[in-house]
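Work through the exercises below with the sequence and the structure at hand, and try each task before reading its solution.

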Amino acid sequence: MADIRVCTFNVKGMNVPAKHSQICMSLKKQKVNFALLQETHFRSGRVPPMSKLTFNQWFHAPSCSGSSRGVSIAIHKNTPMVVSSTLLDDDGRYLFIKGSIGTHVITLGSIYAPNIGQADWLCRILPVFRDFAEGTIILGGDANVALDPLIDSSKGSSSLSYGALRKIRSGLASVGLVDAWRTLNPSVKDFTFYSGAHRSYQRLDYLFVPPNLLSACRGTSIGSILLSDHAPVFLDLQFSFLPKPQFTWRLDETILSQQDSVSDIRKCLSEYFSMNETGEVQLGTVWEAHKAVIRGHIISLCSHLRRQRESKILSLQKEIQSLESLHKKHIDQGTLDKLSLLRSELKNILNSRTARLYLSAQYKHFAHGDKASKFMMASLKKRKTNSYIHSIKDTDSKLLMSTEKIAKRFSDFYYSLYNIRSAEDTSCKQQRSEIIDDWLSKLSLPSLTNAQAQDLLQPFTLQ
């Protein structure tokens, strides 16, 4: 049996590389298999390249009309899902994908509801998702509404009428979906969004699943508001069809830039050679054995540093979670200021991890960029795709799409641009030669004297 962790997260923009890296690292730390992201701010035709280090499959529904929308779905590299079909909204409001892990079919959906007319929009989209979905169904996203204002809002009220809220609940029931977090936490009061303008909390982010899937659910939780103004929501499911991943260790090169770590490694090397260079063992054997010793020492050192870093992150997250709970009950400016300081400190630590990823990417480009490898092949393939000319207009503004006609149009253009004539046109060649000679004769170009030319031919001497 293996676990699948699903996360829905309103990220409030992923166009900045640092923000993108922090979100990917946070999802990796939380061991997320499927990430349902909203408000990515991706526009049609301007989706930046996504990092494939942790999530190797990305699907986007960018917005055609604005940069405040956009939804995406990311699949972890250790989750062997083969996507067979997708359905997306041109306005960047929803994205549905369907695929399989082995013979098991899974359907995922990410939605971002508008902040006006949520009931009508959801009741129009839910049947579309029902008709598209097959197998295991998971729908997540930002619904922009507290379904039960009494416990899903700190003020106990909603901007929507109770009739509109009943319409949304009826729409969910008609497609056979339930709110996983509320079903498993019927009386708990927790929130996913804080509005500074209204000084209130609301639970706007949901994971909807069929009731029969709750038996496979191991738990659900709400994270902290750290990288966005929304908190992520997690759902843990247990299935038997997902194979357990295998991991390999790799050296973290950044420890070589830390003076304390370098001193510790040097001390280990000094002790090793002082203990083993006794003459009883050949130097070649001592040298080869030291590689295994220092590797084990570096593994231990990296593990120690990672535990310290993760302990600090965990401590900050617990403090933030505690202050968030206090702030949700008693909205106080002093508590909010402490929260801002702790979030800033945590972001600085996450930024240092982002810098290590950038360093790793630079090393990869340096080590493999000019070699005949898969890395170069992928780069060239992408460059070829981006530089391919699908069509071109001729002098009459007629669109040419044939490769032969496109090549002929380029040939004619440069033929006329450089005034290229046929080899038989000797009179034109003579005329062009005379023009060039006349132009060169009018230039005052510096030249070497005979003595200077002779000096340049002499061999080098110490004088």
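**Exercise 1.** In this predicted model, decide whether phenylalanine 273 is buried or exposed, and then classify the aromatic pair that phenylalanine 273 and tryptophan 287 form.

*Solution.* Begin with accessibility: phenylalanine 273 has a relative accessible area of 19%, and since buried means under 20%, phenylalanine 273 is buried. Tryptophan 287, with a relative accessible area of 45%, is partly exposed. Next take the geometry of the two rings: phenylalanine 273 and tryptophan 287 lie 6.4 Å apart, centre to centre, with 25 degrees between the planes, and because planes under 30 degrees apart count as stacked, the pair is stacked. Finally, place the partners in the chain: phenylalanine 273 belongs to helix H6 (residues 259-276) and tryptophan 287 to helix H7 (residues 283-329), 14 residues apart.

**Exercise 2.** Classify the pair formed by the rings of phenylalanine 96 and phenylalanine 132, and find which cluster the ring pairs build with them.

*Solution.* The model has 10 aromatic pairs in total. In the pair of phenylalanine 96 and phenylalanine 132, the ring centres are 6.2 Å apart and the planes stand at 35 degrees, so the pair is tilted. This pair links strand S6 (residues 94-101), which holds phenylalanine 96, with helix H2 (residues 118-132), which holds phenylalanine 132, across 36 residues. Both partners are buried, phenylalanine 96 at 0% relative accessibility and phenylalanine 132 at 12%. Ring pairs join Tyr94, Phe96, Phe129 and Phe132 into a cluster, and the charged end of lysine 98 sits over the ring of phenylalanine 132, 4.7 Å from its centre.

How values were computed:
Residues are numbered from 1 along each chain as its sequence is written. This is a predicted model: local features need pLDDT of at least 70, side-chain atom pairs count only at pLDDT 80 or more; totals for chains, interfaces and linings use all residues. Side-chain values use heavy atoms; hydrogens and water are left out. Rings of Phe, Tyr and Trp (its six-membered ring) pair if their centres lie within 6.5 Å; planes under 30 degrees apart count as stacked, over 60 as edge-to-face and the rest as tilted. Helices (H or I, at least four residues) and strands (E, at least two) are DSSP runs, numbered from the N terminus. Buried means under 20% relative accessible area, exposed over 50%, partly exposed in between (1.4 Å probe, protein chains only). A charge sits over a ring if NZ of Lys or CZ of Arg is within 6 Å of the ring centre and within 35 degrees of the ring normal.
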